[in-house]
2 protein chains.
Amino acid sequence: MTDQPGSRPRAVVLLSGGLDSATALAEAIAAGFDAYALTVLYGQRHTVERDCARAVGDSMKVARHLELEVDLRAFGGSALVGDGEVPKDRQVGDMAHGIPATYVPARNTVLLSLALAWAEALGAFDIFVGVNCLDYSGYPDCRPEYLQAFETLANLATKAGVEGAGRFKIHAPLLTLTKEQIIRRGHELGVDYSLTHSCYDPSPEGLACGRCDSCTLRLAAFEKLGLEDPAGYAGI
Amino acid sequence: MTDQPGSRPRAVVLLSGGLDSATALAEAIAAGFDAYALTVLYGQRHTVERDCARAVGDSMKVARHLELEVDLRAFGGSALVGDGEVPKDRQVGDMAHGIPATYVPARNTVLLSLALAWAEALGAFDIFVGVNCLDYSGYPDCRPEYLQAFETLANLATKAGVEGAGRFKIHAPLLTLTKEQIIRRGHELGVDYSLTHSCYDPSPEGLACGRCDSCTLRLAAFEKLGLEDPAGYAGI
C-alpha cells in the first residue's frame, strides 16, 4: 500500500519537457515522492516543449501536472523568448565562455518561486529541478551557490518555513553530472527519452535543429555513450 | 535636462494599487529614478486593484507600466485568491499573532522574481517594493531578513549580477515605518491616496469593506493623523 498516491510525501518537480527535467522527475519518484509536475509556459518560441512535458508526465504517472502561463516575452532580453538569434554550431568546449543569448533574465528564480508557491500550498517541502553545472551553457542560475541561496530564501519567505512545519529543500540531482551520466542514470530509471525535447529553436513541426547549444550537448552525449538519440531532428 | 526620461537610472517598482506601493513609487521617483511600474495580476478577488494601479502610475508619470498575469489561483492556499474567507473585524493589536488566511504562498518571492527579470532586461539594478514590517499582517515575506536574502539571491541569479555590471538592490523604503508615517511621507511626496485601494475584499462596485485587516490598519492610521481616508468605503 505504500505505493498508493497520498501515502508518500509530495514533491514539486519543474518539468520543461527536456531531457534533464525528465530525469529529475524520475529521480523524485525513485526517491519516494509523489510528484507534482509544474510546467511554466513562459513564452518560449515553441509549444513542442509543452507537448513533451505532457507526454513525460503521463509516462511517469505524476500525481498531478499543472501548466502555468507567465509571459516573460513582455520583459524581453533573451533569444529564447524571441529577442535575437539562438546561437548555432558552437562546439561543446566553447560554451563555457560567457553567458549566451539564450539566457532568460532571472528565469530559474521565477520558476523556482512558482514551484515554491505551489509546494507551500500543497504542504510539500521538496522541489526538484533538473539544472546541472557541468554541461550547462554558462547560466548563473544553474550554480550550486545560487541553489543554496534560493533554499535559504525559501525558508525565510514562507509561512510553512517560518512556522517550522518542515524545511524546504531544493533538490538538483543532476547538478554535478555530465550529460552522459544524466542519460545513463535516466536509462537506469526507465526514462523514455524519445518523449523529450531539448532544442532551443525547433522547426514548426517540432523537430530539433541539431545545431543549438542544447542540441549539440545532447547529441554529443548520446554519441559518447554509443547510443542513438531518439529525439526527432531536422535535416541531420 | 536631468529630468528628461532616459537620463536617469531606471528602477522597477512593484505597484499593486494600494497605499504602500503608491508611496514606494513616489519614493523611487524622489530618489531620482525613472520608474518602471510592474503590476502582477495574480488572481486577486477583484480587478479594482488593477484600475487603481493604472491611475496611480498615470498620476506619477511612470516611464512605463507593465501588467503581467500570473494566475496563482491555480495553486490555491489563500483567502486572497479565493480559498476561504478573508478575516474581518480584527483589532490592530490582534494582527501580530500568527499569519492570517490572506497570506498568499510565496507571493513576494514570485513578485520580486518577476521584478528582477524585468530589471535585468531593462538594465536596471534597483527594485522598489512597498513592504513594511511594523503595521503588517504577520507575513514572513515582509521581514528585513527575507529582503536581504532576496538581494543576495538576485546577485547570484543573474547575468548582470554575476558579470559585475552593477549590484541589485531591493529598496523597501517603508520597511520600518508605521502606517501613519507612511501616509505622512506620502503627503510630503504628493501621493494622491484617493487613487489607491487597500481592501482585501472590496464590493463588486470596487468599494473597500472597511473591516478586513488591511482596511482596519489604513483607517486607524488616517484617524490617528486626524485625516479623512479619501478611499471609497462601503457602508461605513
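## A helix across the sheet in chain B

Let's start in chain B of this predicted model. Helix H1 (residues 19-30) of chain B lies across S1, S2 and strand S4 (126-128) of chain B, and its direction makes an angle of about 170 degrees with S1(B).

So what does H1(B) lie across? Strands S1, S2 and S4 of chain B belong to an open sheet of 5 strands, in the order S3-S2-S1-S4-S5, with parallel pairing. Strand S3 (64-69) and strand S5 (169-171) of chain B are at the edges; each has a single partner strand, so one side of each has no neighbour in the sheet. From one strand to the next, the twist averages 25 degrees.

You can zoom in on one pair here. Strand S1 (residues 10-14) and strand S2 (residues 34-41) of chain B are joined in the parallel sense over 5 bridges. Look for B:Leu14, which stands opposite B:Leu38 in S2(B).

## Strand S1 in chain A

Now hop over to chain A. Is strand S1 (residues 10-14) of chain A mostly covered or mostly uncovered? Mostly covered: 5 of its 5 residues are buried. As a bit of background, side chains in a regular strand alternate between the two faces of the sheet. In S1(A), A:Arg10, A:Val12 and A:Leu14 sit on one side, with A:Ala11 and A:Val13 on the other, and both faces are covered.

S1(A) pairs with strand S2 (residues 34-41) of chain A in the parallel sense, over 5 bridges. Here A:Ala11 stands opposite A:Ala35 in S2(A). To get from S1(A) to S2(A), the chain passes through helix H1 (residues 19-30) of chain A, making a right-handed β-α-β crossover.

S1(A) also runs parallel to strand S4 (residues 126-128) of chain A, and 3 bridges join them. Try finding A:Ala11 again: it stands opposite A:Asp126 in S4(A).

## Where the chains meet

How many residues does each chain bring to the contact? Chain A brings 36 residues and chain B brings 36 residues. On the side of chain A that touches chain B, the elements giving two or more residues are strand S3 (64-69), helix H3 (107-122), helix H4 (144-157) and helix H5 (159-162) of chain A. H3(A) gives the most, with 10 residues.

What kinds of residues make up that side of chain A? They divide into 24 nonpolar, 7 polar and 5 charged residues.

Note on methods
Residues numbered from 1 in each chain as written. Chains lettered and ligands numbered in written order. Predicted model: local features only at pLDDT ≥ 70, side-chain atom pairs only at ≥ 80, totals over all residues. Contact = placed C-beta atoms within 7 Å. Helix = DSSP H or I, 4+ residues; strand = E, 2+ residues; numbered from the N terminus. Nonpolar A, V, L, I, M, F, W, Y, C, P; charged D, E, K, R; others polar. Buried ≥ 20, exposed ≤ 12 C-beta atoms within 10 Å, placed from the backbone. Pairing = 2+ DSSP bridges. Right-handed = clockwise from strand over helix to strand, strands pointing away. Axes fitted to C-alpha atoms, helices over the stretch in contact; angles between N-to-C directions.
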